[in-house]
Amino acid sequence: MSVAFVTYVFVIVVPYLRRKPAPVGVPESLEWHFFVPCRDEEAVIGDTIRYLRGTFPIAHVWVIDDDSDDRTAGVVRTLKRNGGVRDTHIHLVQRQRPYARTGKGNALNDAYRTLKLWMGRRADTDRAIVVVVDADGRPAPNCLEVCAAAHLFGNPRIGAVQVDVRMINAGQRQPGVSRWRRAFGAGLVRMQDLEFRTAIAAIQMSRGATGTISMGGNGQFTRLSALDSIAGPTGSPWRGSLLEDFELGVHLLTAGWHTGFTLDTHVNQEALYSLRRFLAQRTRWGQGTMQCMRYLRRIWDSEHLTTLGAAEMMYYLAQPWMQLLGTVIYPIPMALMAYRFVVSPSEVVAWFYDGAWILFTVYGAFGLLPFVLWGPVYRARCVPVGFWKSIGYGFGYALYIYTFYITSWRALIRLVRGNNGWTKTRRNEERVAGKVALDV
């Protein structure tokens, strides 16, 4: 365990802490298209369009209205007219039921096909970059110049780039709820920010060595020619998994494209205050990972992936199944020890004082340290908090990780029941039936 922990620190943490910013590129050398999937996003889509158009004037914004019940499409049309002057860089892709609301991947595929028709056959698809952002997403102002760098889209072999993800509401408390809910929600948001900015970012950097950097659902940059290469006869580069971002990465990597990751820029998104909504979101992600198990053979047989790269991707796909197994296996020793204590308490007490306490101490330390470690790392690279507070964040993150055991079981139940439909995660202040939903 000691060797494994030290190896983990050097392979994952040390490169993350030693990272230096890389040179940037020229955004005008490429053509940029923002894809913004929307379902009932009237409250946020206007500000998002204004932000994207104001911050990235050379880019096109494609809003995909997934048959919203509110005025999402109306807001887009109003901004497109812009006081009587037509903004040719704003586009509305409308979907209608029964073909709408069938998943984020299908919505992105509609936008992809629309973009292809708009560009025409003579388009330079190697220069065109598709950027997927959430309806409330805020890419950093420097994201185009960073992604245009020579080691990213300046390299013709790079098919996709994922940027760092940050929680825009980290450090903000939810208004209009009880004191306990405000404190709990603020802690949950902080853990989401810590998770993305440290653990996930460091893992993504380590995947640079295995050639298996994966995509995320927000801040996902993909070369149009790369999408073309995997779209197939139906023009569908995104497939039917609930984890459409990872699935996209699988197809790109096994088609021979390279992927990149950068911490030099980021996209902001809103973290969830509600535990109920958080569990629903992570259940969907876990179920999507389980669905992607169907690509195990594709990954292992790919001539474009090294053995180490294939092993890394297979390990990622195995994680929810390992969590299921863990919830069955881990309680067994404790149950046996409890049984022995009931039958012969003096024997158990003597065993504990004779040296078993060392075993428990070492096991607990090495079980916690890989998670607690991220608290001080978060302090060193992200947020300047006190040392002991960062230790508290680390213990909080260790507890936070245990929610994935819950979501793995929920995902399995949905999978067994054949419930594979896309469930949109409601935003923190989203209204339901005329009332603000503020559940925890």
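**A network of salt bridges**

Begin by selecting Arg39, Asp66, Arg95, Asp110 and Arg113, which are linked in a network of salt bridges. The coordinates are those of a predicted model. Side chains of opposite charge can pair when their charged atoms come close.

Within this group, display Arg95 and Asp110 as sticks: their side chains meet in a salt bridge with an N to O distance of 2.7 Å. Arg95 belongs to strand E3 and Asp110 to helix H4 (residues 104-119), so the pair ties together parts that are 15 residues apart in sequence. How accessible is each partner? Arg95 counts as buried at 6% relative accessibility, while Asp110 is partly exposed, with a relative accessible area of 22%.

Next, add Arg113, which also forms a salt bridge with Asp110; here the closest N and O atoms are 2.7 Å apart. Arg113 and Asp110 are three residues apart in helix H4, and about one helical turn separates them. With 31% relative accessibility, Arg113 counts as partly exposed.

**Along helix H4**

Now select the whole of H4. Its 16 residues should span 22 Å at 1.5 Å a residue, and the end C-alpha atoms are 23 Å apart, which agrees. To find the buried part of the helix, colour Lys104, Gly105, Ala107, Leu108, Asn109, Ala111, Tyr112, Leu115 and Met119, which are buried. What do the buried residues of H4 pack against? Their neighbours are strand E1 (31-38), strand E2 (60-66), E3, strand E4 (128-132), helix H7 (224-231) and helix H8 (244-254). Just after the end of H4, stop at Gly120, where phi is positive at about 85°.

**Across the sheet**

From H4, move to the strands and show them as a cartoon. An open sheet of eight strands runs in the order E3-E2-E1-E4-E7-E6-E8-E5, with mixed pairing. E3 and strand E5 (138-139) stand at the edges with a single partner strand each, so one side of each is left without a neighbour in the sheet. Strands of a sheet pair through backbone hydrogen bonds, either parallel or antiparallel.

Select E1 next. Seven of its eight residues are buried, so E1 is largely enclosed by the rest of the structure. On one pairing, E1 and E4 run in the parallel sense over five bridges; to locate it, pick Trp32, whose bridge partner in E4 is Ile129. E1 and E2 also pair in the parallel sense, over six bridges. Two positions help in following this pairing: His33 has His60 as its bridge partner in E2, and Pro37 has Ile64. The chain crosses from E1 through H2 to E2, and this β-α-β crossover is right-handed.

**A salt bridge at helix H2**

Stay with H2 and centre the view on Arg53. Asp87 forms a salt bridge with Arg53, and the closest N and O atoms are 3.0 Å apart. Asp87 lies in the loop between helix H3 (72-81) and strand E3 (90-95), whereas Arg53 is in helix H2 (residues 42-55), so the pair ties together parts that are 34 residues apart in sequence. Are these two charged residues buried or exposed? Asp87 is buried, with a relative accessible area of 14%, and Arg53 counts as buried at 18% relative accessibility. The count for the model comes to 22 salt bridges.

**A last stop at Ser408**

Finally, select Ser408, which is found in helix H16 (residues 403-416). Ser408 is buried, with a relative accessible area of 3%. Which residues does Ser408 touch, leaving aside residues up to four places away in sequence? They are Met290, Pro320, Gln323 and Leu324. For Gln323, show the side chain as well: a polar contact of 2.6 Å joins the side chain of Ser408 to the side chain of Gln323.

Notes
Residues are numbered from 1 along each chain as its sequence is written. This is a predicted model: local features need pLDDT of at least 70, side-chain atom pairs count only at pLDDT 80 or more; totals for chains, interfaces and linings use all residues. Side-chain values use heavy atoms; hydrogens and water are left out. A salt bridge is a side-chain nitrogen of Lys or Arg within 4 Å of a carboxyl oxygen of Asp or Glu. Helices (H or I, at least four residues) and strands (E, at least two) are DSSP runs, numbered from the N terminus. Buried means under 20% relative accessible area, exposed over 50%, partly exposed in between (1.4 Å probe, protein chains only). The expected span of a helix is 1.5 Å times one less than its number of residues. Contact means heavy atoms within 4.5 Å. A polar contact is a pair of N or O atoms within 3.5 Å; within protein, one must be able to donate a hydrogen and the other to accept it, and residues adjacent in sequence count only if both atoms are side-chain atoms. Two strands pair if DSSP finds at least two bridges between them. A crossover is right-handed if, with the strands pointing away from the viewer, the path from the first strand over the helix to the second runs clockwise.
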